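Biologist: I would like to get my bearings in this protein before going back to the bench. Could we go through it together?

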Amino acid sequence: MMQFIVFGNPIEHSLSPLIHADFGRQIGVNLQYSRSLTSSAQFNRAVAEFFRTGGGGANVTVPFKQHAYAQVTHVSARAERAGAVNTLVPLGAGQLLGDNTDGLGLVWDLQRLLGASQLTGKRVLLLGAGGAARGVIQPLLDAGVTTITVINRSPERAQQLVQLWQSPQLVWAPAATPEYDLIVNATSASLSGDKLVLGADVLDAAELVYDMMYGAKPSPFLEQAGQYTQMTADGLGMLVGQAGFAFKLWLDGAELNLNETLERLRAEL
Ligand code: ATR
């Protein structure tokens with residue numbers, strides 16, 4: 001049986017085993033996908049041991065994505081740009097490829113919500129300047145968005161991110177103004193129960209407000225956004241999307257129906 005795993009801390013609520021079990025069911029492959037609670041000190045050993053014993057592929061989640069990036073022997077261009085790795089692919093002889101499918105997952109979900117070509121020409125407001133924000137910038141630009149404006153609680157972190165990118169399409173702003181088509185929350189504010197506040201005019205001008213967080217209930221941020229904007233969505237679709245792109249890296253050519261997995265998962269939340 002093929003073995004897969006996700007490394008993180010905390011990890012007990014990870015939905016990845018459910019998602020990948022559904023992918024296995026779809027393509028008729030019997031696989032095992034488990035969760036591994038690890039620490040920074042044990043991460044390298046746990047990863048090496050998993051692949052030494054024949055592991056077929058692994059995901060990496062909070063807080064080890066940057067750690068994994070520093071650890072792998074090969075890194076994809078996407079992961080390089082993100083400075084973080086969420087997918088490990090064994091290359092044999094102890095070599096590991098680190099890739100990052102988070103941004104692809106977001107783009108897949110935005111295209112599902114808006115229609116395939118609808119990202120072209122869009123102006124995006126990206127809230128947050130941490131790892132989650134950095135991971136989605138290049139895939140959004142590749143998908144055709146015109147500009148991404150980053151705003152962040154600590155402005156200097158947003159400025160650093162923009163400086164690192166060196167692209168006229170990625171800009172920083174001190175505060176939000178009503179000129180964005182898409183608003184994407186990549187902060188961890190809802191994790192700590194904090195409320196992000198955007199002006200009603202900013203929300204009203206947007207076509208879609210997206211929160212990378214997900215849960216059985218909408219986050220306070222999405223609840224507020226829902227009062228003003230046409231469409232809101234949480235990050236469950238992004239989660240399924242990133243998993244789908246990871247699975248295809250491990251099982252080349254797998255034909256997946258991500259919409260079907262997303263519907264099943266939503267019903268189980
Ligand atoms: P991640 O990998 O999830 O992005 P991170 O690198 O710690 O985690 O970044 C967290 C992001 O959420 C940052 O942009 C952070 O803002 P700061 O750079 O000012 O710390 C943002 N964030 C976290 N809690 C927040 C809150 N209560 N309000 C607004 N932004 C918040």
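Modeller: Gladly! Keep in mind that this is a predicted model. The domain assignment splits the protein chain into domain 1 (2-100 + 237-268) and domain 2 (103-234).

Biologist: How many residues does the contact take from domain 1 and from domain 2?

Modeller: The centres of the two domains, taken over C-alpha atoms, are 24 Å apart. Where domain 1 and domain 2 touch, the contact takes 15 residues from domain 1 and, from domain 2, 14 residues.

Biologist: Which element gives the most to the side of domain 1 that touches domain 2?

Modeller: Three elements give two or more residues to that side: α3 (65-71), α4 (77-82) and α10 (236-250). By class, the side holds six nonpolar, six polar and three charged residues. With six residues, the element that gives the most is α10.

Biologist: Why does the radius of gyration of the protein chain agree with a compact globule?

Modeller: The C-alpha atoms fill a box of roughly 55 × 40 × 35 Å along the principal axes. For 269 residues, a compact globule would come out near 18 Å, so the protein chain agrees with that, its own radius of gyration being 18 Å.

Biologist: And the ligand: which helix gives the largest share of the shell around it?

Modeller: The ligand is surrounded by 16 residues, and the closest are Gly-130, Gly-131, Arg-153, Thr-187 and Asp-194. The shell has five nonpolar, eight polar and three charged residues. Its largest share, three residues, comes from residues 131-142, helix α6.

Conventions: Residues are numbered from 1 along each chain as its sequence is written. This is a predicted model: local features need pLDDT of at least 70, side-chain atom pairs count only at pLDDT 80 or more; totals for chains, interfaces and linings use all residues. The radius of gyration is taken over C-alpha atoms; the globule rule is 2.2 Å times the number of residues to the power 0.38. A residue is near a molecule or strand if its C-beta atom, placed from the backbone, lies within 6 Å of it. Helices (H or I, at least four residues) and strands (E, at least two) are DSSP runs, numbered from the N terminus. Ala, Val, Leu, Ile, Met, Phe, Trp, Tyr, Cys and Pro count as nonpolar, Asp, Glu, Lys and Arg as charged, and the others, Gly among them, as polar. Domain bounds come from an automatic or database domain assignment. Two residues are in contact if their C-beta atoms, placed from the backbone, lie within 7 Å.
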